[in-house]
Amino acid sequence: MSIMSNAKRALAIAAASATLFSMAACGSSNAAGGKSDSSSAASSGKIEVVASINQWGSVAKDLGGSNVEVTNIMTKTNVEAHDYEPTSQDVAKFGTAKVAVVNGADYDPWATKAAQSTKATLVTAAETAGIKEGDNPHVWFSAKVRSNTADAITAAYQKADPSHKDDYAKFNKDWHAKEDQLESKIKDTSSKTENLPYAATESVAWYLADDLKMTDATPKGYAQASANESEPTPADIKDFQDTLKVGSIKMLVFNSQEANSTTDQITGAAKDANVPIVELTEQMPKQYTNLLDWMSALVDQFAAAVK
């Protein structure tokens, strides 16, 4: 994420605040003059849920079944939440929700700002594991955060709709059974990946690599530049390329959602050195409707990349 992202993020938060102020001034009316989403959800007896990103929205859907109506704000992999600029319609959706699910850790501050200004019960994934602003925000890759967030969503549903408390408990149990299967796969795969030195063009999958017991060997200068949201220097890039050439890095993790001329140089060096590349995105790709299925497929990719 570049320095420009910080400016975009500030503008997005300001836009969210302005839209919420406008919503408050206009009361409960809507521009189309028709029935609002909240009225539709209320008439059907469903809990209206808004999720900032589709991966958490998929969890919200799995945990609520037919008792919930989930709207995802971000659904595409061609832009990341850091840079996302919400529309007034996006922000308005939080204003009518009973439950809002955001990522937190300053990944989607526009969503957090919008949700905090409403009556919705707010579930912040990062906070369920004590992950705060300044920490790695890609928390859906963490088994601990996934599990804790699922429990927090279930608690929010049971609070909003106590008459279906037992339903939500069953959905939660079923979801955890699938998460347990995923964690078993991660454990089995870690027998191949434990202590394996890898590098990353961006620390997007750090939590998953950590669960796989891998060792982050990304050259220090490049890693610090990425963490500080600044551009790596030519010396940082050359160091990364040289490290790949000598063979000390056994796998490269590439976030294709943030592809640019710099990552082209890094992936090119990896290919020249026959270093396996695991390519992934931040947002859940459209071929997956379920966060756990996506994570399971990624674990398979890591396992297949081990020489």
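**Group meeting: a walk through the model**

Okay, let's start with helix H5, which is mostly covered: of its eight residues, six are buried. Those six are Pro109, Trp110, Ala111, Thr112, Ala114 and Ala115. Before I go on, please keep in mind that this is a predicted model.

Just ahead of H5 there's something for those of you who like backbone angles. Asp106 sits in the loop that runs between strand E3, residues 99-102, and helix H5, residues 109-116. Its phi is near 65°, so a positive value, and Asp106 isn't a glycine. As a reminder, most residues other than glycine have a negative phi. How covered is Asp106? It has 25% relative accessibility, so it counts as partly exposed.

There's another one of these further along. Glu229 isn't a glycine either, and its phi is positive, at about 60°. You'll find Glu229 in the loop between H9 and helix H10, the latter being residues 234-246. Is Glu229 buried or exposed? Buried: the relative accessible area is 15%, and the cut-off for buried is under 20%.

Let me zoom out for a second. The chain has 12 helices and eight strands. It runs to 307 residues, and 49% of them count as buried. If you take the contacts with a separation of 6 or more, 65% of them are between residues 24 or more positions apart. As for the surface, the accessible area of the chain is about 14,200 Å², and carbon and sulfur atoms hold 50% of that.

Back to helices. H4 covers residues 88-95, and its buried residues are Asp90, Val91 and Phe94. Looking down the axis of H4, these buried residues fall within an arc of 95°, so they line one face of the helix.

Next, H10, and one residue in particular: Phe240, which lies in that helix. Phe240 is buried, with a relative accessible area of 0%. So what does Phe240 touch, leaving out residues up to four places away in sequence? The list is Ala199, Ala200, Thr218, Pro219, Tyr222, Ile249, Leu252 and Ile266. Take Tyr222 from that list: along the chain it is 18 residues from Phe240, and their C-alpha atoms are 7.2 Å apart.

For contrast, look at Lys271, which is in helix H11, residues 261-272. Lys271 is exposed, with a relative accessible area of 58%. Between Lys271 and Lys245 there are 9.6 Å in space, C-alpha to C-alpha, and the two are 26 residues apart in sequence.

Last stop, and probably the part you'll want to click around in: the second largest pocket. Its space comes to about 570 Å³. There are 29 lining residues, and the ones nearest the centre are Asn136, Pro137, Ser203, Ser226 and Ala227. Which elements each supply at least two residues of that lining? Strand E5, residues 197-200, does, and so does helix H9, residues 220-227. The largest share is from H9, with five residues.

And the chemistry of that lining? By class, you get 13 nonpolar residues, nine polar and seven charged.

To tie two bits together: H9 is the helix that gives the pocket its largest share of lining, and the loop after H9, on the way to H10, is where Glu229 sits with its positive phi.

That's my tour. Happy to spin the model around if anyone wants another look.

Note on methods: Residues numbered from 1 in each chain as written. Predicted model: local features only at pLDDT ≥ 70, side-chain atom pairs only at ≥ 80, totals over all residues. Heavy atoms only, no water. 1 Å grid on protein atoms, 1.4 Å probe; cavity = no way out; pocket = protein on both sides within 12 Å on 5 of 7 lines; lining within 4 Å. Points joined across faces, edges and corners; volume = space filled by probe spheres on them. Helix = DSSP H or I, 4+ residues; strand = E, 2+ residues; numbered from the N terminus. Nonpolar A, V, L, I, M, F, W, Y, C, P; charged D, E, K, R; others polar. Buried < 20%, exposed > 50% of the residue type's maximum accessible area, 1.4 Å probe, protein only. Arc of directions from axis to C-beta. Contact = heavy atoms within 4.5 Å. Areas by Shrake-Rupley, 256 points an atom, 1.4 Å probe, with all protein chains shown as cover.
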